[in-house]
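Open the structure in your viewer and keep the selection tool handy. We will go from stop to stop, choosing a few residues each time.

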Amino acid sequence: MGSRTLSIGASLDSPDGHFERNHTENGSMVSLKFHEPNGVLDQGHQVSSPVRRDVNRSLSGVKFLENDDLDLEDGKLEKDRNKTVRSNKAVKIQNQALLSGLAYCLSSCSMILVNKFVLSGYDFNAGISLMLYQNFISVVIVSILSSMGLISREPLTWRLIKVWLPVNVIFVGMLLTSMFSLKYINVAMVTVLKNVTNVITAVGEMYLFKKHHDSRVWAALFLMIVSAVSGGITDLSFHAIGYSWQIVNCFLTASYSLTLRRVMDTAKQVTKSGNLNEFSMVLLNNTLSLPLGILLIFVFNEVDYLYTTPLLRRPDFWLVMTLSGFLGLAISFTSMWFLHQTGATTYSLVGSLNKIPLSVAGIVLFHVPTSLENSASIFFGLLAGVFFARAKMREKTQS
């Protein structure tokens with residue numbers, strides 16, 4: 001019996017023979033062979049009739065259509081899955097940025113207000129001792145966290161201490177002058193006067209690092225000077241000693257930021273890892289400040305005051321002092337967290353905006369006598385700080 005082609009409706013398990021289907025690798029050809037029952041193989045005749053070609057196209061089309069459907073379905077599911085993951089990740093990042101920003105603002109405002117409460121509310125006349133106690137708390141907490149393996153820090157070596165000691169002297173002076181000025185000046189005016197630090201820093205960058213600023217930055221700095229002068233003139237609670245300490249604080253703060261850049265590069269070269277993170281700097285600054293603080297307590301004769309003041313026998317006073325120490329360390333942690341979640345630009349802008357509620361809280365909580373002119377000067381100075389932050393943002397974008 002000769003070979004026969006099967007019609008599209010023929011049975012594939014016919015008793016007269018059996019049906020075999022062969023695929024090539026690309027699936028473009030289907031070869032149909034029919035074997036007789038007597039075992040004689042057909043001479044490899046390949047079906048090439050129109051019906052054969054229709055069968056090929058039909059079978060191949062069905063297979064490819066099924067694959068396309070599966071691919072489209074898998075692609076859609078994968079796309080939806082990726083979209084969900086990206087959406088959840090974006091929400092998480094936004095929540096982390098918001099939470100870290102609130103924590104930074106809260107700790108920063110609270111630190112200044114608590115220090116003002118200790119120095120003015122309790123009338124505590126030992127600012128060096130307050131700084132020493134706060135720094136001691138920071139050293140203890142950082143050391144405990146490091147021993148538990150929760151944070152990493154560089155070990156303190158004599159080489160690192162020698163490099164860091166000059167900038168630490170400026171750091172201690174910056175903290176002390178801030179304490180002294182805060183005792184005599186209200187929080188709002190301290191906030192406005194601190195803008196003068198930006199002016200000194202900009203001038204220092206121009207002469208030391210040959211860095212040039214655009215006209216917007218200088219315009220903002222000019223507004224800061226105007227607001228500081230007008231605020232001082234209209235300040236109803238003006239105190240010459242407090243303003244003198246604050247001016248010294250501005251120069252020391254600017255010197256600290258300018259010196260820190262060079263010292264950090266040198267300090268990194270003497271560390272084991274070649275790096276110096278924020279925790280290492282916190283521990284280094286606060287540890288080195290302890291012996292210097294003890295020396296200054298005797299120089300400024302705070303020892304006699306500490307022996308006679310009844311405040312040290314009040315548990316509530318110790319509670320507030322301890323809280324100020326925790327807040328001082330919290331500023332370091334939250335500032336790192338917020339900077340990691342956002343960036344230097346957002347961090348700078350939020351820091352400027354944060355001065356507005358701080359100034360209002362300082363006036364309200366401590367019942368500061370003020371006038372319309374002084375309030376306008378304070379508000380003008382706060383806006384100048386925001387304008388300065390935005391000008392620096394544009395300057396960085398252009399560079």
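Where in helix 3 does a kink lie, and shortly before which proline? Keep in mind that this is a predicted model, then select residues 158-184, which make up helix 3. The kink is at Leu-165, shortly before Pro-166, and amounts to about 45 degrees. For the helix as a whole, pick the first and last C-alpha: the 27 residues reach 39 Å, close to the 39 Å expected at 1.5 Å a residue.

Next, select residues 196-208 for helix 5. Its 13 residues reach 18 Å between the first C-alpha and the last, close to the 18 Å expected. Show the side chains of the buried residues here, among them Val-199, Ile-200, Ala-202 and Glu-205. Then bring up their surroundings: the cover includes helix 4 (187-193), helix 6 (215-233), helix 7 (240-269) and helix 13 (372-398). Following helix 5, click on Lys-210, where phi is positive, near 55 degrees.

Now for the aromatic rings. The structure holds 11 aromatic pairs. Select Phe-124 and Phe-317: their ring centres are 5.0 Å apart and their planes meet at 55 degrees, so the pair counts as tilted. Phe-124 sits in the loop between helix 1 (50-121) and helix 2 (127-147), while Phe-317 belongs to helix 10 (residues 315-341), so this pair links parts of the chain 193 residues apart. Are the two buried or exposed? Both Phe-124 and Phe-317 are buried.

For the last stop, add Phe-117, Tyr-122 and Tyr-305 to the selection; ring pairs link these with Phe-124 and Phe-317 into a cluster.

Methods: Residues are numbered from 1 along each chain as its sequence is written. This is a predicted model: local features need pLDDT of at least 70, side-chain atom pairs count only at pLDDT 80 or more; totals for chains, interfaces and linings use all residues. Side-chain values use heavy atoms; hydrogens and water are left out. Rings of Phe, Tyr and Trp (its six-membered ring) pair if their centres lie within 6.5 Å; planes under 30 degrees apart count as stacked, over 60 as edge-to-face and the rest as tilted. Helices (H or I, at least four residues) and strands (E, at least two) are DSSP runs, numbered from the N terminus. Buried means under 20% relative accessible area, exposed over 50%, partly exposed in between (1.4 Å probe, protein chains only). The expected span of a helix is 1.5 Å times one less than its number of residues. The bend at a residue is the angle between axes fitted to the seven residues ending there and the seven starting there. Contact means heavy atoms within 4.5 Å.
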